[in-house]
Every structure is written in structure tokens, then in C-alpha cells.
Amino acid sequence: MANHEEDDGYDYLFEAAYEALEESGFTGLLVSGYEDMPEPAPVEGHMPDLTATNAKGVACIFEICPREAFATQELAERLLAFARHAEAIKGHLVLIVPEGEEDVAWAFLSEHAIPEDRLDVWEA
């Protein structure tokens, strides 16, 4: 059985998100950094972790955010780019965070003035 730290890591969050999207009927899944899988297009020079389209036809960008990601300026830059893109395409940006970290994510978004209109936070 995985320990708590492993459950908070990027690979765990990525796999949990990918499985949940497949099981929830998302289509056109594109993933970054995995061989033999189609990659999403970069957004303002940043590569999304996952992209997919939900059952209502809304394009979604998924950003995997392990606990340590919230200590980096790079995450703020990525999320600002993805939020602008989501607004431009009338899509949605979803942050995938470890269980119990939703408040940390919302505080980070607020601190960095990242628009929340087309944004959500999911715990994995």
C-alpha cells in the first residue's frame, strides 16, 4: 500500500486524474510527457499536463499540482496562461491537488490574482 507522501506525488495525482477522466466520459484525452500518447498543444509556451473535452463539449485543461508545486513561481505563470486560454476558448481549467489541499490551492490562486471564473480545484 502506498504511503501518504506517495499519494500526494505527481505520478499518483496524474494517474488518479487520468482514470477519473476516462471513467467520467471525457473524450480526446491528450497527455504531456508520456510515450506513445498524443500531447496537447502548448499554451503560451507552457505544456498542459492533460487536456480533454467533457460530455457537454467544454474543452478542459488539467494541471497536476502536488503539494510542493505551490512553492514555485512557475506554477503561477502556468496557471495564469492556462486561465487566459480557458477564458479565450470558453473552456475550463481544473487543478488536481492532493486530498486536503483544496484550501491551499484557492489561497495560492488568490495570492497570485489568477482569475477563477473558469477554474475549479479537484482533490485526488
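**Briefing: contacts, sheet and pocket**

Leaving aside neighbours within four places in sequence, D8 makes contact with L13, P66, R67 and P98. The model in which these contacts are found is a predicted one. The points below take up D8 and E101, then the five-stranded open sheet, then L119 and W106, which touch one another, and finally the largest pocket, whose volume is about 150 Å³.

**D8 and E101, two acidic residues in loops**

- D8 sits in the loop that joins helix 1 (4-7) to helix 2 (10-23), and its relative accessible area of 5% places D8 among the buried residues, because the cut-off for that class is under 20%.
- One of the contacts of D8 is P98, a residue 90 places away in sequence, yet the two C-alpha atoms are 5.1 Å apart in space.
- E101 belongs to another loop, the one between strand 4 (92-97) and helix 4, and with 10% relative accessibility E101 is likewise counted as buried.
- When neighbours within four places in sequence are set aside, the contacts of E101 are R67 and E123; R67 is also among the residues in contact with D8.

**The sheet**

- Five strands make up an open sheet, arranged in the order 1-2-3-4-5 with mixed pairing, and strand 1 and strand 5 (119-123) are its edges, each of them pairing on one side only.
- From one strand to the next, the twist of this sheet averages 20°.
- In general, the strands of a sheet are held in pairs by backbone hydrogen bonds, and the pairing may be either parallel or antiparallel.
- For strand 1 and strand 2 the sense is antiparallel, and the pairing extends over three bridges; V31 has L50 of strand 2 standing opposite.

**L119 and W106, a contact between strand 5 and helix 4**

- L119 lies in strand 5, one of the two edge strands, and at 7% relative accessibility L119 is counted as buried.
- Beyond the neighbours within four places in sequence, L119 is in contact with H92, L93, L95, W106, L109 and I114.
- Although 43 residues separate L119 from A76 along the chain, their C-alpha atoms are 14 Å apart.
- W106 is placed in helix 4 (residues 102-111), and W106 counts as partly exposed because its relative accessibility is 23%, whereas a buried residue would have to be under 20%.
- Not counting residues up to four places away in sequence, W106 touches E116, L119, D120 and V121.
- From W106 to A55 the separation is 51 residues in sequence and 26 Å in space, taken from C-alpha to C-alpha.

**The largest pocket**

- Rolling a probe the size of a water molecule over the atoms shows where space has been left empty.
- The largest pocket, of about 150 Å³, is lined by 15 residues, and those closest to its centre are T51, A59, C60, I61 and H85.
- Strand 1 (27-31), strand 2 (50-53) and strand 3 (59-64) are the elements that each give two or more residues to this lining.
- Sorted by class, the lining consists of eleven nonpolar and four polar residues, and no charged residue takes part in it.

Conventions. Residues are numbered from 1 along each chain as its sequence is written. This is a predicted model: local features need pLDDT of at least 70, side-chain atom pairs count only at pLDDT 80 or more; totals for chains, interfaces and linings use all residues. Side-chain values use heavy atoms; hydrogens and water are left out. On a 1 Å grid over the protein atoms alone, a cavity is a set of points where a 1.4 Å probe fits but cannot get out, and a pocket is an open set with protein on both sides within 12 Å along at least five of seven lines; lining residues have an atom within 4 Å of a point. Grid points are joined across faces, edges and corners, and a volume is the space filled by probe spheres set on the points. Helices (H or I, at least four residues) and strands (E, at least two) are DSSP runs, numbered from the N terminus. Ala, Val, Leu, Ile, Met, Phe, Trp, Tyr, Cys and Pro count as nonpolar, Asp, Glu, Lys and Arg as charged, and the others, Gly among them, as polar. Buried means under 20% relative accessible area, exposed over 50%, partly exposed in between (1.4 Å probe, protein chains only). Contact means heavy atoms within 4.5 Å. Two strands pair if DSSP finds at least two bridges between them. Axes are lines fitted to C-alpha atoms, for helices over the stretch in contact, and angles run from 0 to 180 degrees between N-to-C directions.
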